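Here's a quick tour of a protein chain for anyone just getting started with structures. Have a look at the picture first, then go through the points below.

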Amino acid sequence: MGKTVAIEIASPDSLPLDDTDYVRPAIPDYLEKNYWWAYLNPRCVEFFEHQWVVNLILWGNFSFLRDLALAEMGTEINGRTLQIACVYGDFTPKLAQRLAPGARLDVVDIAPIQLTNLREKMGSGPNLHLHHQDAAHLRFEDASFDQAVLFFLLHELPAEVRTQALGEALRVIRPGGKLVVVDYHRPSPLHPHRYLMPPIFMTLEPFALDLWGGEIADWSPVDLTDFSVDKSTYFGGLYQKVVIRRPDH
Ligand SMILES: C[S@@+](CC[C@H](N)C(=O)[O-])C[C@H]1O[C@@H](n2cnc3c(N)ncnc32)[C@H](O)[C@@H]1O
């Protein structure tokens, strides 16, 4: 697919950020080359930012998968939650609705246009904080979040970045805190999507197939021996939820 449209790079002043005193990350090559049509082009952002579109991409399972992740995070969410990368549709609004008084949600993304889009979608509020950061190099302190969520990000990352992002997500959650991952998974051999998805991935999502090749935990650079790792699969195994909980000590 040829890249024909210039990518919008917002100026630092026009970005709706809560922290601006650092060198902002550049758009990585893998994103610009493979996902400009999904996340960087303004007209495409407008198109994808519809519930029915994201639902179609997930074969009608968007709300189900969103609610799986949210249920794991709690009906009333306390403390600090980190959403690593923006998500189209009502994922973040529904997450924000669950915040208890005094709780806060931080969202990072590497694409300025995605942060601008999220701010337009959410408006401003004291409990929502947006950050222009790379998931592979988060600028938060160790153990500074009660939980973090990665919703369909890992399959879009090249292997090395995926490993770094997982390591960073685990670094910033506190002892006893958890990381919730929802993403693709290799379906059982009897499921039609086992054969339908590879050509789609090879055309549109070049890093997704190798996520199928192993367990999410295998990508972790952190030794997970003392962590609890719970995996569940859905829709014939096309999707998975993995919850990684840090030990208390
Ligand atoms: C969460 S993923 C996929 C979400 C899902 N397909 C949806 O329904 O929107 C997409 C987001 O990840 C962001 N992203 C990609 N690489 C990133 C990185 N290294 N750091 C932070 N955000 C990143 C993109 O800019 C995009 O906003």
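## A quick briefing

Let's start in a loop: W59 sits between α3 (51-57) and α4 (62-73). Keep in mind that this is a predicted model. The chain has nine helices and seven strands in its secondary structure, and we'll go from single residues to the sheet, a helix and then the whole chain.

**Two residues with positive phi**

- W59 has a phi near 55°, which is a positive value in a residue other than glycine.
- Is W59 buried, exposed or partly exposed? Its relative accessible area is 36%, so W59 counts as partly exposed.
- F152 also isn't a glycine, yet its phi is positive, at about 55°.
- You'll find F152 in the loop between β4 and α7.
- F152 has a relative accessibility of 9%, and because buried means under 20%, F152 counts as buried.

**The sheet**

- The seven strands make an open sheet, and if you walk across it you meet them in the order β3-β2-β1-β4-β5-β7-β6. The pairing is mixed.
- Strands of a sheet pair through backbone hydrogen bonds, and they do this either parallel or antiparallel.
- Which strands stand at the edges? They're β3 (128-132) and β6 (228-234), and each has a single partner strand, so one side of each is left without a neighbour in the sheet.
- From one strand to the next, the twist averages 15°.
- For a parallel pair, look at β1 (residues 80-84) and β4 (residues 145-151), which pair over three bridges.
- In that pair, T81 stands opposite Q147 in β4.

**A helix lying across the sheet**

- Helix α7 (residues 159-172) lies across β1, β4, β5 (173-184) and β7 (239-245).
- Against β5, helix α7 runs at about 145°.

**Helix α6 and what covers it**

- Which residues of helix α6 (residues 112-122) are buried? They are P112, I113, Q114, L115, N117, L118 and R119.
- The cover over those buried residues includes the helices α1 (29-40), α2 (42-48) and α5 (91-97). It also includes the strands β2 (104-109) and β3.
- Right after α6 comes G123, with a positive phi near 75°.

**Out at H249**

- H249 is in the segment after β7.
- With a relative accessible area of 71%, H249 is exposed.
- Leaving out residues up to four places away in sequence, H249 touches P175 and D226.
- How far apart are H249 and Y88? They're 161 residues apart in sequence, and 36 Å apart in space from C-alpha to C-alpha.

**The chain as a whole**

- For 249 residues, a compact globule would have a radius of gyration near 18 Å, and this chain has 17 Å, which agrees.
- The C-alpha trace spans about 50 × 50 × 30 Å along its principal axes.
- Of the 249 residues, 56% are buried.
- Take the contacts with a separation of 6 or more: residues 24 or more positions apart account for 72% of them.
- The accessible surface comes to about 11,200 Å², and 54% of that belongs to carbon and sulfur atoms.

Note on methods:
Residues are numbered from 1 along each chain as its sequence is written. This is a predicted model: local features need pLDDT of at least 70, side-chain atom pairs count only at pLDDT 80 or more; totals for chains, interfaces and linings use all residues. Side-chain values use heavy atoms; hydrogens and water are left out. Two strands pair if DSSP finds at least two bridges between them. Helices (H or I, at least four residues) and strands (E, at least two) are DSSP runs, numbered from the N terminus. Axes are lines fitted to C-alpha atoms, for helices over the stretch in contact, and angles run from 0 to 180 degrees between N-to-C directions. Contact means heavy atoms within 4.5 Å. Buried means under 20% relative accessible area, exposed over 50%, partly exposed in between (1.4 Å probe, protein chains only). The radius of gyration is taken over C-alpha atoms; the globule rule is 2.2 Å times the number of residues to the power 0.38. Accessible areas come from the Shrake-Rupley method with a 1.4 Å probe; for residues, only the protein chains shown count as cover.
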